[in-house]
Amino acid sequence: MKKMISVVLIVLMIIGVFSGCAPKTNTLRVLVDMEYQVVQTDYALSRAVADFEGAVERAGIEDVEFEFLPKEGVERETAVDRLRTEIMSGKGPDVFLIRCDGTLANYYTGTAIFQIPEKAMESGLFLPLDEYIENAQHAEWDRFLPQIMEAGKTEEGQVFIPLSYTTRAALYRKSDFEHTPSKEMSWQDMLQDAELHDTAAVLGDGAELDINGLDGSIGIIFHTDFILGDLADYKNEELMFTEEELLQRVNECVALYDYTLTEKLFEKPDWAERYLGKEFNANNCFIRGVANGLTSQDTLTMVPLYSDDGGTTAQIMAYAAVNRNTRRPEDAFAIIDLLLRTKYQQSSLMFDFWIFGPSQMGASIHDGLMSKEYKLDPPGSRQTPETGWWMTEENFSAFCDVRDSITNVQYYGALNGVLHDMMLECYIAVSEGEDYTEIVSRTYNTMKQMVSE
């Protein structure tokens, strides 16, 4: 009997030793990495997340920890390197909520956790979410734009969930100009069309009216990536355009810049160029920046910036994903499901400033948001006598037509940043009377290497 008791005690001691070494908690880690894309702000990310944390608690998801990376500097670089090592070793956060690098008016930092999100999708690090989406309880997944959702899929299924996107278009008063967006029309068609040539010029030249000022000044923001459309085949690690095609696009944009200045297109009234996101809606888009003669009461024609592949390019502004090694996959997905609730997209600070903003470029993946039925009603909204922001029925229909012409979707990242830097170098070379062919060639080789690494 004593011998049996001794054996039992030994077994219990062994169990105690091993249980003492095991993690005492099964905390669900949620990484929210968006602040590094904001230069300065009065809106605290921690405040927005605290509001969302309350929703998570009310949903009954326990033991959740929200994490943030340093905003900039050596501290951020060190933290990102440490996190990448953790992820590659099969650990890391359970949920990722990330704003794409470069989505603040082309301000690319080079410090994103995943430099090229599309490559990260193919890495096998993330959990396919199809079966969880089928059993979702909170968001209207059947209302999410299929052409945008497709950009989060690999052969394994839906591994990234786009949270917002944007595209580029010129706006005209419908009584002055009409156009129906098309999946078939290409950048080349746009350039050669007598009625659309000037629209191609103002959208593709790199110059734009300053949307943050009222003095009619012209700034520089390059959109060559929108024109190129599909940038790479990330599975096969190949660029989707040749060096000659890249040089041709640069030649065209440089020529268009001279054309818009020579023809004084920016001095002509009754048109504007915009990212078609939260910045544009019937009650708000003309309060910020230069409306150039258009008003919120106008019924508008929207002409997208077409790509050389045909159709329109969209860019993902923010996305979510679940770590493949999470021990709580249902709860991890539930975090994303809760975040994408329709009402939360309409009225939360998290979406208003951090996912759609702060530059207000982002649009919802929900097919109804920004219509009068699905108004945007963020905290502190005082833009109109009525609560909420929305497009008129006619303008929302025009917005949907642009949306339906989307054929290419990019995640803004390192490739876009390199293209932007290349265009800036080329424009400087032109101003100094120098040839930029070598700049284009060097950039192309850099992009090839980035895709194949």
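Good morning. I begin with lysine 264, which sits in the loop that runs between helix 10 and strand 12 (271-275). Please keep in mind throughout that this is a predicted model. The phi angle of lysine 264 is near 55 degrees, a positive value in a residue other than glycine. Is this lysine 264 buried, exposed or partly exposed? Its relative accessibility is 49%, and exposed requires a value over 50%, so lysine 264 counts as partly exposed.

A second residue invites the same treatment. Methionine 370, also not a glycine, has a positive phi of about 85 degrees. Its place is the loop between strand 15 (363-364) and helix 14 (393-404). Here the relative accessibility is 3%, and methionine 370 therefore counts as buried.

Let me now step back to the chain as a whole. The secondary structure comprises 16 helices and 16 strands. Of the 453 residues in the protein chain, 57% are buried. The accessible surface comes to about 20100 Å², and carbon and sulfur atoms account for 49% of that surface. As for contacts with a separation of 6 or more, 79% of them join residues 24 or more positions apart.

I turn next to the interior. In soluble globular proteins, nonpolar side chains tend to be buried together. In this model, the largest nonpolar core has 93 residues, and the members that touch the most others are Tyr165, Leu340 and Met350. Apart from that core lies another, of 54 residues, including Phe241, Trp271, Ala429 and Val440.

Leucine 340 deserves a closer look. It is located in the loop between helix 11 and helix 12 (342-347). With a relative accessibility of 0%, leucine 340 counts as buried. Which residues does leucine 340 touch, not counting those up to four places away in sequence? They are Ala139, Trp141, Phe144, Ile161, Leu163, Gln345, Phe351 and Ile365. One of these partners, phenylalanine 144, is 196 residues from leucine 340 along the chain, yet their C-alpha atoms are separated by 9.9 Å.

Another of the partners, isoleucine 365, is found in the loop between strand 15 and helix 14. Isoleucine 365 is buried, its relative accessible area being 0%. Between isoleucine 365 and phenylalanine 144 there are 221 residues of separation along the chain, and the C-alpha atoms are 5.2 Å apart. Leaving aside neighbours within four places in sequence, the contacts of isoleucine 365 include Arg143, Phe144, Leu145, Ile148 and Met149. Pro162, Leu163, Ser164 and Tyr165 are also among them, as are Leu340 and Gln345.

The helix on one side of the leucine 340 loop is helix 11, residues 329-339. Nine of the 11 residues in helix 11 are buried, so this helix is largely enclosed by the rest of the structure. The buried residues are Pro329, Ala332, Phe333, Ala334, Ile335, Ile336, Asp337, Leu338 and Leu339.

For contrast, consider glutamate 131, in helix 5 (residues 130-134). Glutamate 131 has a relative accessible area of 53% and is therefore exposed. From glutamate 131 to glutamine 158 the distance is 9.4 Å, C-alpha to C-alpha, with their positions 27 residues apart in sequence.

My last topic is a pair of helices. The axes of helix 8 (residues 197-204) and helix 10 (residues 243-262) come within 8 Å and cross at roughly 105 degrees. How is helix 8 oriented with respect to helix 10? Angles of 65 to 115 degrees count as roughly perpendicular, which means that helix 8 is roughly perpendicular to helix 10. On the helix 8 side, the contact is made by His197, Asp198, Ala200, Ala201, Val202 and Gly204. Helix 10 contributes Cys253, Leu256, Tyr259 and Thr260. By class, the residues of this contact divide into six nonpolar, three polar and one charged.

To close, I return to the loop that follows from helix 10 to strand 12, where lysine 264 has its place. That residue is partly exposed, whereas methionine 370 is buried, and each has a positive phi. Thank you.

Methods
Residues are numbered from 1 along each chain as its sequence is written. This is a predicted model: local features need pLDDT of at least 70, side-chain atom pairs count only at pLDDT 80 or more; totals for chains, interfaces and linings use all residues. Side-chain values use heavy atoms; hydrogens and water are left out. Axes are lines fitted to C-alpha atoms, for helices over the stretch in contact, and angles run from 0 to 180 degrees between N-to-C directions. Helices (H or I, at least four residues) and strands (E, at least two) are DSSP runs, numbered from the N terminus. Angles under 35 degrees count as roughly parallel, over 145 as roughly antiparallel, 65 to 115 as roughly perpendicular and the rest as oblique. Contact means heavy atoms within 4.5 Å. Ala, Val, Leu, Ile, Met, Phe, Trp, Tyr, Cys and Pro count as nonpolar, Asp, Glu, Lys and Arg as charged, and the others, Gly among them, as polar. Buried means under 20% relative accessible area, exposed over 50%, partly exposed in between (1.4 Å probe, protein chains only). Accessible areas come from the Shrake-Rupley method with a 1.4 Å probe; for residues, only the protein chains shown count as cover. A nonpolar core is a set of buried Ala, Val, Leu, Ile, Met, Phe, Trp, Tyr and Cys residues joined through side-chain atoms within 4.5 Å.
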